[in-house]
Amino acid sequence: MGERFGRGKRKDRYIGSLYIEASKARLYHSGGHSVASVAQAVLLYVFQNILKLLHPFMPFVTEELWQNFLPSSVIDLLMAAFKALPNRKEALIVSPWPQTSLPRDSNSIKKFENLQALTRAIRNARAEYSVEPAKRISASIVANEEVIQYISQEKEVLSLLSRLDLQSMHFTNSPPGNADQSVHLVAGEGLEAYLPLADMVDITAEVDRLTKRLSKMQTEYEGFAARLSSPKFVEKAPEHVVHGVREKAAEVEEKITLTKNRLAFLKSTVLVSE
């Protein structure tokens, strides 16, 4: 099948920033006011409690934001609908400390982490292939029925965060027919995506670009290899210099391998399409 991108073991700790991005789809949701209101309430609640946590370290700035960051009419509207929101009638310095024993919904967290992993995988693939930021591409999301059910419900969020064409997003439990001409992403266990390569790049131009890049890297590697094969250099140069050249040579060699694999994939895609 297509080229694969695996997910790293390190978990992204910036889930909050992704939630803020994802909230944009809800804030401008056309399906009803309640969806936007929930997003506003969550963002407001989190922001106010962040101010409380920061207040001991940044008292003046946080107090100013606490008193003036939103019009009272919006606050009143949200507080009427969501009783759990904190009361801002008092100064921040005497406000109650955030609760630490709030219920934790592990299932919802897992769902959002899967959405986050899928978004990250698609973004990484776009960066790898230098896809124009504004360009929307199609995608096939492959998973079991349970995962498809909740991921498809967030298709507007996924489209917003990953710059996908909302009308060309497909959710299925098996690889698409053009899998061998697509970039294959593994976002997590049981969650994959296929991005048609023709949507992402001009394949012929990309082959030309990578061929030139490969030639330059091979020349660079040959230079490092020549230095390392010279007894004079290895024996007389300081140890840290020799070590540095070895590291650079290994790094370039790895890039050469990746570029060769990419070229082989692109060329095979051209052959299949022909």
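The dialogue below walks through salt bridges, a nonpolar core and a surface patch in a predicted model.

Trainee: Which side chains should I look for when I want to find a salt bridge, and how many are there here?

Mentor: Look for a side-chain nitrogen of Lys or Arg within 4 Å of a carboxyl oxygen of Asp or Glu. By that rule the count comes to 4 salt bridges, among them the one in which the side chains of Glu 21 and Arg 123 meet, with 2.8 Å from N to O. Glu 21 lies in helix 1 (residues 15-27) and Arg 123 in helix 5 (residues 106-128), so this pair ties together parts that are 102 residues apart in sequence.

Trainee: Are Glu 21 and Arg 123 buried or exposed?

Mentor: Each falls in between, since partly exposed covers the range between the buried limit of 20% and the exposed limit of 50% relative accessible area. Glu 21 has a relative accessible area of 27%, while the value for Arg 123 is 33%.

Trainee: How many residues apart are Arg 209 and Glu 206?

Mentor: They are 3 residues apart in helix 9 (residues 203-228), which means that about one helical turn separates them. Arg 209 forms a salt bridge with Glu 206, and the closest N and O atoms are 2.8 Å apart. In this pair Arg 209 is partly exposed, at 36% relative accessible area, whereas Glu 206, at 6%, counts as buried.

Trainee: Where do Glu 251 and Lys 255 lie?

Mentor: Both are in helix 11 (residues 239-273), 4 residues apart, about one turn of the helix. Their side chains meet in a salt bridge at 3.6 Å, N to O, and both ends are partly exposed, Glu 251 at 44% relative accessibility and Lys 255 at 39%.

Trainee: Turning to nonpolar side chains, which residues of the largest nonpolar core touch the most other members?

Mentor: A nonpolar core is read through contacts between buried side chains. Here the largest one has 50 residues, and Leu 118, Tyr 129, Val 183, Leu 195 and Met 200 touch the most other members. Helix 11 gives the most to this core, with 8 residues.

Trainee: Which residues form the nonpolar patch on the surface?

Mentor: A residue enters a patch with over 30% relative accessible area, and the members here are Val 38, Val 42, Val 46, Ile 50, Leu 54, Phe 57, Met 58, Val 61 and Leu 65, with about 750 Å² of accessible area together. Helix 2 (33-54) and helix 3 (59-68) each supply at least two residues of the patch, and the largest share, 5 residues, comes from helix 2. Val 42, one of the residues in helix 2, is partly exposed at 32% relative accessible area.

Key. Residues numbered from 1 in each chain as written. Predicted model: local features only at pLDDT ≥ 70, side-chain atom pairs only at ≥ 80, totals over all residues. Heavy atoms only, no water. Buried < 20%, exposed > 50% of the residue type's maximum accessible area, 1.4 Å probe, protein only. Core = buried A, V, L, I, M, F, W, Y, C linked by side-chain atoms within 4.5 Å. Patch = residues over 30% accessible without salt bridge, like charges linked within 9 Å, V, L, I, M, F, W, Y side chains within 5 Å. Areas by Shrake-Rupley, 256 points an atom, 1.4 Å probe, with all protein chains shown as cover.
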